[in-house]
Amino acid sequence: GVCRTDDKNKGNFDELWGKSYPECHDMCLFSRGCTGFEYTVKGKASRCKLFKAPILSTLPVGGASCYKKASKTELGPHKKRL
């Protein structure tokens, strides 16, 4: 599904087209301000949204997946992020 933030996503993400899933994942992983990402594939087109605000929920939309970046406190002391 698609990611949702508290103000209907207005200005809370950067949208990038033509990126692979690993590229999208790594861009979020190595960005301090990224709270998670949404990856969508429709036909040959792919879209990566890097979120800057807390992801609060998802909506079911075919072809889209939402991934929330876990905080250090959510993971505990011995686990890796995202």
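This report looks at strand 4 and the disulfides of the chain.

The model is a predicted one: local features need pLDDT of at least 70, side-chain atom pairs count only at pLDDT 80 or more, and totals for chains, interfaces and linings use all residues. Residues are numbered from 1 along each chain as its sequence is written, and side-chain values use heavy atoms, with hydrogens and water left out.

**Strand 4 and its partners**

Let's start with strand 4, residues 45–51. Strands here are DSSP runs of E with at least two residues, helices are runs of H or I with at least four residues, and both are numbered from the N terminus. Five of the seven residues of strand 4 are buried, so the rest of the structure largely encloses this strand. Buried means under 20% relative accessible area, exposed means over 50%, and partly exposed lies in between (1.4 Å probe, protein chains only).

Which strands pair with strand 4? Strand 2 (residues 13–17) does, in the antiparallel sense and over five bridges. Strand 3 (residues 36–42) also runs antiparallel to strand 4, and seven bridges join the two. For two strands to count as paired, DSSP has to find at least two bridges between them.

You can pick out single partners, too. On the strand 2 side, Asp14 stands opposite Leu50 of strand 4. As for strand 3, Glu38 has Lys49 of strand 4 as its bridge partner. Strand 3 and strand 4 form a hairpin with two residues between the strands, and Gly43 takes a positive phi near 65 degrees there.

As a side note, side chains in a regular strand alternate between the two faces of the sheet.

**The disulfides**

How many disulfides does a search of the whole structure find? It turns up three, where a disulfide is a pair of cysteine sulfur atoms within 2.5 Å. Counting bonded cysteines along the chain, the pattern is 1-6, 2-5, 3-4. Here they are side by side:

| Disulfide | S to S | S-S torsion |
|---|---|---|
| Cys3–Cys66 | 2.0 Å | about 115 degrees |
| Cys24–Cys48 | 2.0 Å | about 80 degrees |
| Cys28–Cys34 | 2.1 Å | about -100 degrees |

With a torsion of about 115 degrees, the disulfide of Cys3 and Cys66 is right-handed. This pair links distant parts of the chain, with Cys3 in strand 1 (residues 2–4) and Cys66 in strand 6 (residues 64–68), 63 residues apart. Cys3 has 0% relative accessibility, so it counts as buried.

The disulfide of Cys24 and Cys48 is right-handed as well, given its torsion of about 80 degrees. It, too, links distant parts of the chain: Cys24 sits in helix 1 (residues 21–29) and Cys48 in strand 4, 24 residues apart. Both Cys24 and Cys48 are buried.

Cys28 and Cys34 make a left-handed disulfide, because the torsion about their S-S bond is about -100 degrees. Cys28 is buried at 0% relative accessible area, and Cys34 counts as buried at 6%.

**Around Cys48**

Cys48 brings the two topics together, since its place is in strand 4 and its relative accessibility of 0% makes it buried. What is Cys48 in contact with, leaving aside its neighbours within four places in sequence? The list is Asp14, Glu15, Leu16, Lys19, Cys24, Met27, Glu38 and Tyr39, with contact meaning heavy atoms within 4.5 Å. As for Cys28, its C-alpha atom is separated from that of Cys48 by 9.9 Å, and the two residues are 20 apart along the chain.
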